[in-house]
Amino acid sequence: MLAITSPRAYAHEAGLRIRAGQFIKTYATHIRIFTSPQAWQAVNPELSQSLEENGIRWQLDYLEGECTEQAIASLKHHIAQQGAELLLAIGGGRVLDAAKAAASQLPTVTLVNFATQAATCAAWSPIAIIYNEQGGHLRSQPLGKMPELVLVDSEVIARSDVRYLKAGIVDALAKYYEFRPYQQHNPDDLALDLKVMTARQALDTFRQQGDAAILACQQQRVTPELVRVIDATIVLAGLANSVRDLLPTPGFAHAIHNRLTHLPELHH
């Protein structure tokens with residue numbers, strides 16, 4: 001059986017934070033925002049003004065530390081206590097994964113992800129990566145519910161540290177080399193064909209436009225190359241993860257990374 005688990009919609013615009021309220025009010029006007037101090041600063045004051053202009057009421061939560069069981073439980077409690085109709089997650093992988101894990105356990109709450117970095121495909125991916133308090137990988141948790149909408153503002157990503165974009169490129173290109181051996185040994189597997197095809201498109205994008213995108217990010221400019229690379233790190237890499245059948249396809253590069261997270265000297 002083949003299944004594709006992905007967000008319902010994706011919107012990527014330069015300056016999108018200015019219109020965020022227009023997107024959100026389609027789903028709800030009483031929301032919980034989950035973010036980090038750095039991410040909240042990166043999208044404001046424009047995002048807050050947009051929410052206010054569209055009559056959206058919100059309360060704010062910050063993620064302090066890692067995406068842990070405790071952080072997920074705390075977020076779930078705050079959403080239920082508030083009675084929020086929608087969870088708006090704004091940030092990088094840890095924030096988005098914690099929000100996905102919490103929202104997946106709250107059937108009546110809509111999830112919208114706003115990615116402020118292109119360091120991973122977390123905004124799109126159908127799993128949440130759970131860590132311990134020290135940042136050691138515990139597990140990759142499949143999700144029962146996906147975001148209704150993923151938002152990306154390329155102006156925000158262009159102003160972020162270029163090392164995040166470089167990390168996203170490496171994370172996404174690894175998927176081709178992880179999935180391709182499975183395809184070679186299972187040539188009639190449609191899910192693998194789709195995973196490899198999507199991962200290969202991301203790899204080709206990086207080869208053709210990666211250098212120009214990195215330069216644009218270093219100069220804090222939005223260019224067509226940067227937009228294409230952002231889409232590849234979030235959408236194409238996320239899609240490669242979204243296609244599944246009964247054949248397990250663990251990625252060796254990701255497995256190595258997961259073990260390395262337990263070495264304290266590798267944490268900054």
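What follows is a walk through a predicted model, taking in an annotated domain, a pocket, a cavity and a handful of individual residues.

A good place to start is the annotation. An unreviewed UniProt entry puts the feature "domain: Alcohol dehydrogenase iron-type/glycerol dehydrogenase GldA" at residues 7-153. In the model, that span is 31% helix and 30% strand, and the C-alpha atoms at its two ends sit 17 Å apart.

Next come the open spaces, beginning with the second largest pocket. This pocket holds about 160 Å³ of space. Its lining is made up of 13 residues, and those nearest the centre are Y62, L63, E64, A71 and S74. Two elements, strand 4 (57-62) and helix 4 (69-82), each give two or more residues to this lining. Helix 4 is the top contributor, with five residues. Sorted by class, the lining of the second largest pocket comes out as five nonpolar, four polar and four charged residues.

Then there is the enclosed space. Searching the whole structure for cavities of 30 Å³ or more turns up one. The largest cavity has about 50 Å³ of space. Around the largest cavity are G92, G93, L96, A115, Q117, A119, T120, A122 and A123. There are no charged residues in this lining, which splits into five nonpolar and four polar ones.

Two of the residues lining the largest cavity, A119 and T120, come up again in the surroundings of D171. Not counting residues up to four places away in sequence, D171 touches A119 and T120, along with C121 and H254. D171 itself belongs to helix 7. With a relative accessibility of 16%, D171 falls under the 20% cut-off and so counts as buried.

Helix 7, which covers residues 162-185, also carries K166. Here the picture is a bit more open: K166 has a relative accessible area of 39%, so it lands between the 20% and 50% limits and is partly exposed. Leaving out residues up to four places away in sequence, the contacts of K166 are I214 and Q218. As for Q81, its C-alpha atom is 39 Å from that of K166, with the two positions 85 residues apart in sequence.

Just ahead of helix 7 is S160, in the loop that links it to helix 6 (154-158). Despite sitting in a loop, S160 is buried, because its relative accessible area of 16% is under 20%. Setting aside neighbours within four places in sequence, S160 is in contact with T116 and C217.

Strand 8 offers a nice pair of neighbours to look at. H137 lies in this strand, which runs over residues 137-142, and L138 is found there too. H137 is buried, since its relative accessible area of 13% is below the 20% limit. L138, by contrast, is partly exposed, because its value of 46% falls between 20% and 50%.

The surroundings of these two residues can be laid out in turn. Beyond residues up to four places away in sequence, H137 touches I129, I130, Y131, N258, T261 and H262. Within strand 8, the side chains of H137 and S140 are joined by a polar contact of 3.5 Å. The C-alpha atom of H137 is also separated by 9.7 Å from that of T68, a residue 69 places away along the chain. For L138, the contacts counted in that way are I130, Y131 and N132. I130 and Y131 therefore appear in the contact lists of both H137 and L138, where contact means heavy atoms within 4.5 Å. L138 and N258 are 8.2 Å apart, C-alpha to C-alpha, although 120 residues apart in sequence.

Finally, a couple of backbone details are worth a look. N44 and P45 are joined by a cis peptide bond, with omega at about 15°. P45 is located in the loop between helix 2 (37-43) and helix 3 (46-53). Further along the chain, Q220 has a phi near 55°, a positive value in a residue that is not glycine. Q220 is also a loop residue, placed between helix 8 (190-218) and helix 9 (224-242).

Notes. Residues are numbered from 1 along each chain as its sequence is written. This is a predicted model: local features need pLDDT of at least 70, side-chain atom pairs count only at pLDDT 80 or more; totals for chains, interfaces and linings use all residues. Side-chain values use heavy atoms; hydrogens and water are left out. UniProt positions are given in the numbering used here, feature names are shortened, and annotations may be inferred rather than shown by experiment. Helices (H or I, at least four residues) and strands (E, at least two) are DSSP runs, numbered from the N terminus. On a 1 Å grid over the protein atoms alone, a cavity is a set of points where a 1.4 Å probe fits but cannot get out, and a pocket is an open set with protein on both sides within 12 Å along at least five of seven lines; lining residues have an atom within 4 Å of a point. Grid points are joined across faces, edges and corners, and a volume is the space filled by probe spheres set on the points. Ala, Val, Leu, Ile, Met, Phe, Trp, Tyr, Cys and Pro count as nonpolar, Asp, Glu, Lys and Arg as charged, and the others, Gly among them, as polar. Buried means under 20% relative accessible area, exposed over 50%, partly exposed in between (1.4 Å probe, protein chains only). A polar contact is a pair of N or O atoms within 3.5 Å; within protein, one must be able to donate a hydrogen and the other to accept it, and residues adjacent in sequence count only if both atoms are side-chain atoms.
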